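Work through these three exercises with the structure open. Each task is followed by its solution.

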Amino acid sequence: MKTLTTTFLLGLTASLTLTACSQTTPADTAPASPTLSLERIYQDREFKSERAPYFRWLDDGTGYTVLEARDKDNTDTENGVTGNDIVFYQPNGEGRKVLVTVEQLTPAGNQEALSIEDYKWSADGNWALIFTNGQKVWRHRTRGDYWVLNLKTNKLYQLGGEQPPATSLMFAKFSPDSQKVAYVRDNNIYVETLGNPAVTALTTDGSDTIINGNFDWVYEEEFSITDGFRWSPDSQNIAYWQLDASGVKYFTMINNTDSLYPTLTQFPYPKAGEQNSAVKVGVVTLATQQTQWAELPGDNRDRYVPRISWAGTSEALLIQDVNRPQNTNTLRLFNWKTNTLKTIYTDKDDAFLEWYYAAEWEEDGSHFVWHSERDGWRHLYRISRDGSDIVDLTPGDYDIVDLITLNEATNSFYFTAAPEHPEQRFLFKGSLDGSQPVERVTPASFAGNNSYYMSKDASYAMHTHSRFNQPPASQIIRTEGHATITQLTTNDALNAQLANEVLPSHEFFSVEARDGVELDGWIMFPADMDPNKKYPIIFYVYGEPWGSTVQDRWGGNSYLWNSMMTQKGFIMASVDNRGTRAPKGRDWRKSIYKKIGSVTVRDQADALDAMAARWSQIDTSRVGVWGHSGGGSSTLNLLFRHGDKFHVGVAQAPVADIRYYDTIYQERYSGNPNTDPDSYTQTSPVTFAKDLQGNLLLVHGTGDDNVHYQGTEALINELVEHNKQFEFMSYPNRSHSIREGKGTTLHLQTMKTNYFMEHLKP
């Protein structure tokens, strides 16, 4: 359901209404004339942003490495081999040095170098680990081939034994002492000593249902974890998850178009209220290949372990033990040598815990940094190993957004937050012992969205800045003083191109819901809007706890599509209802517990009323709405429950009946359908389908393994039963994003555009 694939879109409430700069045409220049079109945006990709290079900071802080392509026209290429060199640069962009050449990455007897999808360095700097030939497992390309290169001898060889099966390894990573590599194959964990092709199995019971060092569908999707094992700091042991998926019911998807006869795909998928995989955590010793399991109290099928981490040293493992309702996270210190468990801290909430963050341990294991909402805001705390000493490192009435890095040597940590304006993001610095007040690092000149990728010692960072109508620019900065060292991208060409377009004005605003809760939003007006005329309005909605739509950052094609619609005569808008992942405090986020689909869409209706009172140009008789995934569900609920206000909707990949969605996500926010049936009935769109009044376009991909096509078919049955007319489009074998296949995106965007044009008549 989580289709907002952004970083956690968070911020704090602001009582001040912000007005962003409008795009204008200087009087002494020719007026902008080109008209935006779907073909220009989605087919010809005229407005593609320049992106900063993907690079890796070196641990020693001397600089970073990037992939640089070589081809047969490059005079440096030997023997006609093509591929990527791995190249080093100092932070200022100077000191270029090729660390690994295309030739070094060409296996003996091959004419082509390895295609690098990912790479890692060993801690001692003597080895490079290369991932290639990746294949998708659930969401990500995590299965493939791994090769290691000895940087001293230039020896390149493939991991997995003498004749490894193709594309069979997952999550290969060096031991901290740079002597070994561990990986997962066929749901077992293996280890190799570098330079020695012998393979040692650390687990042997892996099967289709016993999963070691890996995860099932729902863990990966809902906890954002793929790699299921952790090296101990002393390189002698590995901690890992084991899931037992036996008894979890399988979901079946049918493919009707790729062959003469249909084919089936089946995978374990626990729907709300159904049986989960059992979860265990253990530590396996390399010397004996024996596992010591943590004997967690209770039923392993009714708990989650979303995070584990070595507690600074190799003596104990911190296990986050979460109950099935996800309102209690018990932190247990597992001394695997003595087989003892000690509870050191517990986070609880009357509703649900909003997310699970890794504990960041200090090197000696005496303290760790922890995210918690214990005082009503998402803050960082320094907690002692026994849990007796707790210090709030970020006090105040605001949320931290992301912890970027911490540095014990300088007694500092860095994080992003938005204490004044929820739609913006800035960098802040604090002290690890809490002795110094938090200070803002991002200069005021960078109003908008700011993201940072920092070097290990936090001396340097890649800083990317954008605004709602301003494409991103990236530079390497010296963190102290936020001084630009190297400009990586400017997007000057795109900015010049946008200057020739007739773009809308826009504003960020705040309005109140009926009970006084402040709702934030943005609104875009046609450049030539007549203040005395009425215009139809289209809302983009998400509305669920996984994301936020109201951000002062570049939206790419979404911004351009909205701009195109203003050229056609629409006002475009989006509002964050309560419960969205905005940095507005615990009460804001938890107020929608068991109410998603009811109070959330009521907020959208209240926002419409308040906006119409503020802007007389909004025609309340012509109101449209669209959304994807959770936004598709919100769209349905707005049409079904507030059809007097929302008249035309496009619902893409919606969860029509939340009983059909998975355990981890849905039970977190809605309770368990076996004990809270009313919560599911009163918030599912299908319950209110009989009340459809306006025009509905329903869209779904039949290959959606996340929000199943099954739910849309159940909704269709309900609409048919009540003789509610609607339009429907299925995309064969498309996944949740509905983008696979030639022409799919252009087709979907054309259909959506035409639907609003036909029924809202701008």
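A crossing of two helices is right-handed if the near helix is turned clockwise from the far one by less than a right angle, and left-handed if anticlockwise. The model used here is predicted.

**Exercise 1.** Describe how helix α4 packs against helix α11.

Solution.
- Locate the helices: α4 covers residues 557-567 and α11 covers residues 744-760.
- Take the geometry. The angle is about 30 degrees and the axes lie 12 Å apart.
- Classify it. Angles under 35 degrees count as roughly parallel, therefore α4 and α11 are roughly parallel to each other.
- Assign the hand: α4 passes α11 in a right-handed crossing.
- List the contacts. From α4 come Trp561, Met564 and Met565; they meet Gln749, Lys752, Thr753 and Phe756 of α11.
- Sort these by class: four residues are nonpolar, two polar and one charged.

**Exercise 2.** Work out the strand order of the sheet that holds β25, β26, β27 and β28, and find its edges.

Solution.
- Read the order: β25-β26-β27-β28, an open sheet of four strands with antiparallel pairing.
- Find the edges. β25 (360-361) and β28 (390-392) each pair on one side only.
- Turn to β26 (residues 367-372) and β27 (residues 379-384). Six bridges join these antiparallel strands.
- Pick out one facing pair: Trp370 stands opposite Tyr381 in β27.

**Exercise 3.** State how domain 1 and domain 2 are placed and how many residues of each are in contact.

Solution.
- Set the bounds. The domain assignment gives 397-500 for domain 1 and 502-760 for domain 2.
- Place the domains: their C-alpha centres lie 31 Å apart.
- Count the contacts. Domain 1 contributes 18 residues and domain 2 contributes 20.

How values were computed. Residues numbered from 1 in each chain as written. Predicted model: local features only at pLDDT ≥ 70, side-chain atom pairs only at ≥ 80, totals over all residues. Heavy atoms only, no water. Pairing = 2+ DSSP bridges. Helix = DSSP H or I, 4+ residues; strand = E, 2+ residues; numbered from the N terminus. Axes fitted to C-alpha atoms, helices over the stretch in contact; angles between N-to-C directions. Parallel < 35°, antiparallel > 145°, perpendicular 65-115°, else oblique. Contact = heavy atoms within 4.5 Å. Nonpolar A, V, L, I, M, F, W, Y, C, P; charged D, E, K, R; others polar. Domains from an automatic or database assignment.
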